[in-house]
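Here is a friendly walk through some charged pairs and one helix packing. Have the structure open as you read.

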Amino acid sequence: MAESSLNSSVDQTYTEIVVVRHGETSWNAERKIQGHIDVELNDAGRQQAVRVAERLSKEPRISYVYSSDLKRAFETAQIIAAKCGNLEVITDPDLRERHLGDMQGLVYQEASKAFLSNRTDVDIPGGGESLDKLYDRCTSALQRIGDKHKGERVVVVTHGGAVRSYTALGVIRSLYERARPKARKVDKILNTSVNVFRLFDGDKWRIHVWGDVTHLDQTGFLKSGFGGDRTSG
């Protein structure tokens with residue numbers, strides 16, 4: 001076991017939550033919109049998950065691993081949990097990607113017009129969620145985790161989403177907006193990117209690390225296009 005994994009360096013005044021986007025799926029590579037459709041990792045995604053797991057196992061100790069209950073996130077979380085002390089993965093459906101209704105299963109070109117609206121209170125036809133519902137669901141889920149694990153370092157594996165017309169459409173983008181409401185909207189969120197949030201008392205959130213994929217630098221994933229922000233989820 002790596003020496004750095006033996007002790008946690010988290011201050012007792014906050015919870016450190018390492019938010020990780022799941023590894024790549026075949027639908028990511030094909031630019032198909034996933035939403036709540038339960039697509040598993042492809043081989044590249046599993047390799048990415050191993051890389052981020054190896055990285056996290058060498059950093060300060062992880063106490064708990066949470067995940068969306070969708071396969072692409074859960075499998076990524078299982079690989080991380082196994083490397084970080086054989087931890088149990090705790091699933092939370094509130095960490096799921098946005099439900100994109102009738103757009104799920106389409107490629108971006110077929111659904112592009114549906115992403116152009118900046119209205120945040122409109123549900124997507126076919127059982128989809130509004131941006132407001134997504135935001136409330138996933139930010140509340142992270143706040144619950146933060147309240148429960150003060151002074152600990154926790155991993156959360158979830159979904160990146162897609163961006164059109166500078167509108168946040170995914171879980172990690174919504175978390176970013178919660179922490180930095182006045183900041184410019186983020187662009188790409190790469191597969192297995194590491195994003196570290198610190199949650200303090202008084203519902204105060206800070207971003208300590210954003211979009212770190214240095215664990216993929218030597219693997220060829222970035223040069224080959226793997227890890228890209230190719231589609232929702």
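A salt bridge here is a side-chain nitrogen of Lys or Arg within 4 Å of a carboxyl oxygen of Asp or Glu. With that in hand, look for Glu16, Arg55, Glu59, Arg153, Arg198 and Asp212, which are joined in a network of salt bridges. By this rule the count comes to 17 salt bridges.

Before going further, a word on the basis: this is a predicted model, where local features need pLDDT of at least 70, side-chain atom pairs count only at pLDDT 80 or more, and totals for chains, interfaces and linings use all residues. Residues are numbered from 1 along each chain as its sequence is written, and side-chain values use heavy atoms, with hydrogens and water left out.

Three of the pairs are set out below.

| Salt bridge | N to O distance |
|---|---|
| Arg96 and Asp69 | 2.6 Å |
| Asp123 and Lys133 | 2.9 Å |
| Lys185 and Glu177 | 3.5 Å |

What does the pair of Arg96 and Asp69 tie together? Arg96 sits in the loop between strand 3 (89–91) and helix 4 (108–111), and Asp69 in the loop between strand 2 (64–67) and helix 3 (71–83), so the salt bridge ties together parts that are 27 residues apart in sequence. Helices (H or I, at least four residues) and strands (E, at least two) are DSSP runs, numbered from the N terminus.

Are these side chains buried or exposed? Arg96 is partly exposed, at a relative accessible area of 23%, and Asp69 is partly exposed as well, at 29%. Buried means under 20% relative accessible area, exposed over 50%, and partly exposed in between (1.4 Å probe, protein chains only). Asp123, with 35%, is partly exposed, and Lys133 counts as partly exposed at 44%. In the third pair, Lys185 is partly exposed at 34% and Glu177 at 22%.

Glu177 also leads to the helix packing, being one of the helix 6 residues in the contact with helix 5. Helix 5 and helix 6 (residues 171–179) pack at an angle of about 75 degrees, with their axes 9 Å apart. Axes are lines fitted to C-alpha atoms, for helices over the stretch in contact, and angles run from 0 to 180 degrees between N-to-C directions. The two helices are therefore roughly perpendicular (65 to 115 degrees) to each other. Among the residues making the contact (heavy atoms within 4.5 Å) are Leu134, Tyr135 and Leu142 of helix 5 and Val171 and Leu175 of helix 6.

Definitions and conventions: Parallel < 35°, antiparallel > 145°, perpendicular 65-115°, else oblique.
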